[in-house]
Amino acid sequence: MLNILSALIGLFTLILMIPAVFPLLGALNWLLVPVALFGAFIGMLSAKNGGRNFCLIVAAFGALRLFLGGGIL
């Protein structure tokens, strides 16, 4: 159950991260990366690793976008 919840949090975060790849909306990732990490924490409590790994990939994508944009753009 927690694995499914973690995957849903990751999917929700990924959908909200789509507009954040456009210029001047990258600061939205400052809010979305912690949400994805929270989903990974929920996934750690599960016996399976799928939801946790998905949330970690989403968080890494958001962190990469922040790094490329200098933390602001």
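Colleague: What radius of gyration does the protein chain have, with its 73 residues?
Modeller: The model is predicted: local features require pLDDT of at least 70, side-chain atom pairs count only at pLDDT 80 or more, and totals for chains, interfaces and linings use all residues. Residues are numbered from 1 along each chain as its sequence is written, and side-chain values rest on heavy atoms, with hydrogens and water left out. The radius is taken over C-alpha atoms, and the globule rule is 2.2 Å times the number of residues to the power 0.38. A compact globule of 73 residues would come near 11 Å, and the protein chain agrees with this at 12 Å.

Colleague: In what order do the elements of the protein chain run?
Modeller: Helices (H or I, at least four residues) and strands (E, at least two) are DSSP runs, numbered from the N terminus. The protein chain has three helices and zero strands. From the N terminus on, the order is therefore α-α-α.

Colleague: Which elements give two or more residues to the largest nonpolar core?
Modeller: A nonpolar core joins buried Ala, Val, Leu, Ile, Met, Phe, Trp, Tyr and Cys residues through side-chain atoms within 4.5 Å; buried means under 20% relative accessible area, exposed over 50%, and partly exposed in between (1.4 Å probe, protein chains only). The seven residues of the largest core are Met 17, Leu 32, Val 33, Ala 36, Val 58, Ala 59 and Leu 66. Those elements are H2 and helix H3 (50-68).

Colleague: Is Pro 34 buried or partly exposed, and at what relative accessible area?
Modeller: Pro 34 lies in helix H2 (residues 29-44). Its C-alpha atom is 10.0 Å from that of Ala 63, 29 residues apart along the chain. Pro 34 is partly exposed, because its relative accessible area is 45%.

Colleague: Which helix supplies the largest share of the nonpolar patch?
Modeller: Patch residues have over 30% relative accessible area and no salt bridge (a side-chain nitrogen of Lys or Arg within 4 Å of a carboxyl oxygen of Asp or Glu); like charges are joined within 9 Å and nonpolar side chains (Val, Leu, Ile, Met, Phe, Trp, Tyr) within 5 Å. The patch has about 820 Å² of accessible area (Shrake-Rupley method, 1.4 Å probe; for residues, only the protein chains shown count as cover). Its members include Phe 22, Phe 61 and Leu 14, and Leu 14 is partly exposed at 31%. Five patch residues come from helix H1 (residues 2-17).
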